[in-house]
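These are my notebook entries on helices and their packing. The model under study is displayed first.

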Amino acid sequence: MDLLTPELGLFFWTLVAFLSVFFILRKFAWKPILNSLGEREKGIAESIATAEKVKMEMSQLKSDNEKLMAQAREERTAMMNEAKQIKDKIVNDAKEQAKTEANKIIIDAQQQIQQQKMAALTEVKNEIGNLAVEVAEKILRQQLAANDGQTNYINMLSKEIKLN
Amino acid sequence: MSCKRLFSLILLAFGLSFASFSLSAQEAENGAKTASASENTAEKKEDKKLDISSVIFGHIADSHEWHLFSMGETHVGFPLPVIIYNATKGGLTVFSSSKIAEGEDYQGYHLQRVGPGSMKEKVLSVDGDKIYDFSITKNVLSMLVSVVLLLWLMTSAAKKYKKNGDMKPPTGFQNALEAIMIFLRDEVAKPNLGVKANKYFPLLLTIFFFIWINNLLGLLPGGANFTGNIACTALLALLAFIVILASSNKHFWGHLLNPPVKPAGIKILLVPIEIMSLMIKPAALMIRLFANIMAGHIVILAVICMIFIFGALNKFIGIGFVPVSLAFSIFMFLLELLVGAIQAFIFANLTAVFIGQAIEGDHPDDHQAYHISEDEIIA
């Protein structure tokens with residue numbers, strides 16, 4: 001039974017020690033530590049929430065970016081197509097113009113050639129005429145130099161003249 | 001996660017204490033020798049039988065001097081202050097216990113065994129005055145050491161938070177402490193006390209660490225058996241009881257004194273049972289801790305004393321039994337380290353459960369508290 005009878009002295013000192021430990025630790029250890037733990041837990045929760053928010057914003061931004069990129073790509077394609085059309089048009093126009101220009105030049109050239117040909121022909125004709133006249137003159141001079149010739153010629157001319 | 005952390009902490013405690021175990025074994029051996037030696041001289045070698053129970057209960061009982069070990073006839077230890085309040089004459093007397101260690105009188109006081117066959121020694125007045133003994137005994141000194149340790153450990157951990165700020169990861173002892181605190185908060189305080197957890201949590205923490213550190217100190221070689229002393233557990237249980245009563249609400253007393261049961265006649269049976277259960281709760285707290293720790297000490301000592309019991313039969317049997325006894329006592333020692341933590345946890349947990357029952361009804365989500373107690377009351 002000795003073990004089961006509490007002694008006053010030990011009881012008293014335990015009371016004093018436990019209560020002082022309780023009050024001292026409550027003020028200087030438990031409260032600060034628990035406050036810190038609470039603060040940290042709050043901080044961590046806030047950080048996680050912020051990270052989540054940032055993640056959401058990032059994904060939002062990313063999808064926005066993607067949308068923008070797609071739009072830009074579309075615009076680029078459209079612009080390219082337009083540019084291509086314009087280029088084709090310009091090239092065709094140029095070709096067309098060149099063709100007409102060339103045709104005009106060819107026609108002009110042909111006309112000029114024609115004209116010059118004509119002029120040359122006329123000149124040649126004139127020249128030939130002159131030559132013929134000269135030749136005829138020479139021949140005539142020679143034939144008419146003699147009397148026989150003059151009479152023959154007169155005869156021939158007179159024979160030509162038909163008096164009907 | 002926190003369970004694992006707590007477990008590794010306990011393992012660490014095992015490891016540290018293990019190193020000192022060989023000392024403990026030797027110390028107990030010496031104690032046994034001393035006991036048999038003093039027995040021999042006292043009884044003039046009439047009876048060579050070992051008095052195992054006096055060895056064991058000598059180690060377990062409180063004492064006015066701190067006996068460390070004995071080598072043959074020389075006892076190594078130190079005397080402790082005796083503080084006596086004399087109620088008959090009035091006044092406080094303080095002197096060293098070495099003055100009355102050998103049974104002599106000093107200032108009208110002397111040390112006497114409480115009864116024949118009892119190991120308990122008590123300071124008594126020679127004149128038969130009524131005195132109150134407030135001596136710093138072995139248990140008191142051990143407890144004061146634990147208090148200093150506790151204050152130093154906890155405040156130094158708390159300072160780290162101030163130094164490092166709240167968001168820095170905890171390191172070292174701070175980390176271990178934090179793991180335990182979070183475990184207790186989430187597994188003990190919050191489920192039982194709900195929204196009022198913050199109010200009672202400092203008390204639960206103090207109870208837990210106070211009991212735990214004293215359990216561990218008691219396991220040190222030459223340590224005192226403070227938490228295995230009924231005065232200690234009685235005080236803790238009484239404080240718990242006071243807190244339970246102080247925090248109890250109308251709903252609690254309503255259920256206790258006027259239980260809502262259908263045949264009203266059964267209340268005559270139920271109300272006394274309920275009132276008894278109210279008293280039994282702190283009594284169970286008191287006895288559980290006391291019995292667990294004391295039994296642990298007794299078993300370790302008994303296992304070691306087996307060497308000398310067998311040695312008394314035959315020297316060689318005694319030597320042959322050394323490894324068996326050592327293995328047993330190492331096992332028991334490790335078990336006691338575990339029990340030390342578990343009992344501290346159970347005391348804190350049940351205190352929380354009982355307070356939870358007393359404040360139940362303040363908020364509706366508290367009903368689970370009662371179910372937890374049903375399982376754990378067995379432990």
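What span should the 44 residues of helix H10 (residues 315–358) of chain B have, and how far apart are its end C-alpha atoms? I noted beforehand that the model is predicted, that local features need pLDDT of at least 70 and side-chain atom pairs pLDDT 80 or more, and that totals for chains, interfaces and linings use all residues. Residues are numbered from 1 along each chain as its sequence is written, with chains lettered from A and ligands numbered from 1 in the order in which they are written.

Entry on H10(B). I found an expected span of 64 Å at 1.5 Å a residue, and the end C-alpha atoms lie 60 Å apart, which agrees. The expected span is 1.5 Å times one less than the number of residues; helices are DSSP runs (H or I, at least four residues). I located a kink of about 40° at Val322(B), shortly before Pro323(B); the bend is the angle between axes fitted to the seven residues ending there and the seven starting there.

Entry on H7(B) and H9(B). I looked up H7 (residues 230–247) and H9 (residues 267–313) of chain B, whose axes come within 8 Å and cross at roughly 150°. Axes are lines fitted to C-alpha atoms over the stretch in contact, with angles from 0 to 180 degrees between N-to-C directions. The two helices are therefore roughly antiparallel (over 145 degrees). Among the residues that meet are Ala237(B) and Phe241(B) in H7(B) and Leu285(B) and Phe290(B) in H9(B); contact requires C-beta atoms, placed from the backbone, within 7 Å.

Entry on H1(A). I traced helix H1 (residues 8–145) of chain A to H6 (residues 197–219) of chain B, where the axes come within 9 Å and cross at roughly 115°. The contact includes Phe22(A) and Trp30(A) of H1(A) and Phe201(B) and Phe210(B) of H6(B). Within chain A, the axes of H1(A) and H2 (residues 147–160) come within 5 Å and cross at roughly 110°. That makes H1(A) roughly perpendicular to H2(A) (65 to 115 degrees).

Terms used:
Angles under 35 degrees count as roughly parallel, over 145 as roughly antiparallel, 65 to 115 as roughly perpendicular and the rest as oblique. Two residues are in contact if their C-beta atoms, placed from the backbone, lie within 7 Å.
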